[in-house]
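Dear colleague,

I am handing over the structure below, together with some notes on what was found in it. Please read them with the structure open beside you.

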Amino acid sequence: NKSFETTLEDIEWIEPHGGPLKNGDQIIQLIQGKSALEIGGPTYNGINLYDWLASCDIVAQFIDERIGRNGLDDPFYVGSRQMGKYIIADAANLTNIIPDHSYDVIYASHVLEHMQNPLGALLSWDQILKPGGLAFFILPWKQNTFDQFRAVNTLEQLGQKYIRSMAGDPGALRTDFEQTIRSMDMTRDYGFPPGSSNDALRERTLGSPRGLEQLHWHVYDLHLLNELFKCLNYSVVSMDILLPFHQVIAGIKPLS
């Protein structure tokens with residue numbers, strides 16, 4: 001895919017495949033017996049980290065009774081094993097409720113694309129990750145999703161949004177909202193009935209706080225994710241693309 005390949009000047013071309021995860025054994029060694037915070041979980045399908053972790057708390061934006069996520073400090077179970085607790089909180093700003101350097105692992109599967117201010121979210125997550133800890137993120141691979149016609153964002157775009165929002169600009173985080181809505185391939189968004197228009201996506205997004213959180217505000221490729229990890233001074237230990245639509249990046253936070 002040439003449109004994807006040309007964005008990867010600084011990293012080796014990665015062929016999408018059906019698994020297992022490249023460097024998976026190293027990831028297991030890094031998380032074995034560790035404490036984790038999963039943002040946006042729980043993730044029962046896909047890459048399973050729970051089997052190797054000593055504990056895992058879950059941060060969620062909303063209560064969801066269907067999966068037993070009922071409120072703050074409710075226990076989180078994997079099977080019969082209590083892994084940790086649920087924390088209902090703003091995933092973009094966790095430093096208000098979670099002390100610095102609280103967890104060995106920060107895990108987020110298909111979450112960062114939902115953040116209106118991803119740099120702000122990453123800085124918040126970095127603050128609660130212990131030095132030497134592992135950040136493990138999974139994001140959509142746009143070629144096989146409704147984002148397929150959208151351009152990948154740049155580090156400069158994300159940085160401008162962060163700077164403007166920190167300066168108090170109320171419209172900073174939605175500067176490209178209409179372009180985002182119009183660019184979505186609604187034929188591949190299975191959250192809507194067949195034949196739905198982009199107007200339906202706009203209405204759902206603006207209709208409630210939950211709607212705002214459902215939108216993919218930004219599009220990433222491994223080049224951009226690698227740049228973001230460089231900004232955090234993380235050492236990347238794994239980058240991969242797992243079919244049908246999962247990009248994976250994992251990196252270690254410096255000790256100091």
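Asp57 counts as buried, because its relative accessibility is 11% and the cut-off for that word is under 20%. Please keep in mind, here and throughout, that this is a predicted model. Asp57 belongs to strand 2, and its side chain has polar partners: it makes a polar contact of 2.6 Å with the side chain of Tyr103, while a polar atom of the Asp57 side chain also lies 3.0 Å from the backbone nitrogen of Lys85. When neighbours within four places in sequence are set aside, the residues in contact with Asp57 are Ala36, Leu37, Glu38, Gly84, Lys85, Ile87 and Tyr103.

One of those contacts, Leu37, leads to the nonpolar interior. The largest nonpolar core has 37 residues, and the members that touch the most others are Leu37, Ile39, Leu94, Ile106, Trp125 and Phe137. Two or more residues of this core come from each of strand 1, strand 5 (103–109), helix 3, strand 6, helix 8 (222–231) and strand 7 (235–242). To take Ile39 as an example, and again without counting residues up to four places away in sequence, Ile39 touches Val59, Ala91, Leu94, Ile106, Tyr107, Ala108, Ser109, Val111 and Trp125. There is also a second, separate core, which consists of 22 residues and includes Ala36, Phe136, Val237 and Leu242.

The aromatic rings deserve a look as well, since the structure holds eight aromatic pairs. In one of them, Tyr50 and Phe76 are arranged edge-to-face, with 5.5 Å from centre to centre and 65° between the planes. Tyr50 sits in the loop between strand 1 (35–39) and strand 2 (55–60), whereas Phe76 is part of strand 3 (residues 75–78), so this pair ties together parts that are 26 residues apart in sequence. Tyr50 and Phe76 are both buried, and ring pairs link them with Tyr44 and Tyr86 into a cluster.

Another edge-to-face pair is made by Trp125 and Phe137, with 5.6 Å between the centres and 70° between the planes. This pair, too, links distant parts of the chain, for Trp125 lies in helix 3 (residues 118–128) and Phe137 in strand 6 (residues 129–140), 12 residues apart. Both residues, Trp125 and Phe137, are buried, and both are among the members of the largest nonpolar core that touch the most others.

With best wishes

Terms used. Residues numbered from 1 in each chain as written. Predicted model: local features only at pLDDT ≥ 70, side-chain atom pairs only at ≥ 80, totals over all residues. Heavy atoms only, no water. Phe/Tyr/Trp six-rings, centres within 6.5 Å; stacked < 30°, edge-to-face > 60°. Helix = DSSP H or I, 4+ residues; strand = E, 2+ residues; numbered from the N terminus. Buried < 20%, exposed > 50% of the residue type's maximum accessible area, 1.4 Å probe, protein only. Core = buried A, V, L, I, M, F, W, Y, C linked by side-chain atoms within 4.5 Å. Contact = heavy atoms within 4.5 Å. Polar contact = N/O pair within 3.5 Å; in protein donor to acceptor, adjacent residues only side chain to side chain.
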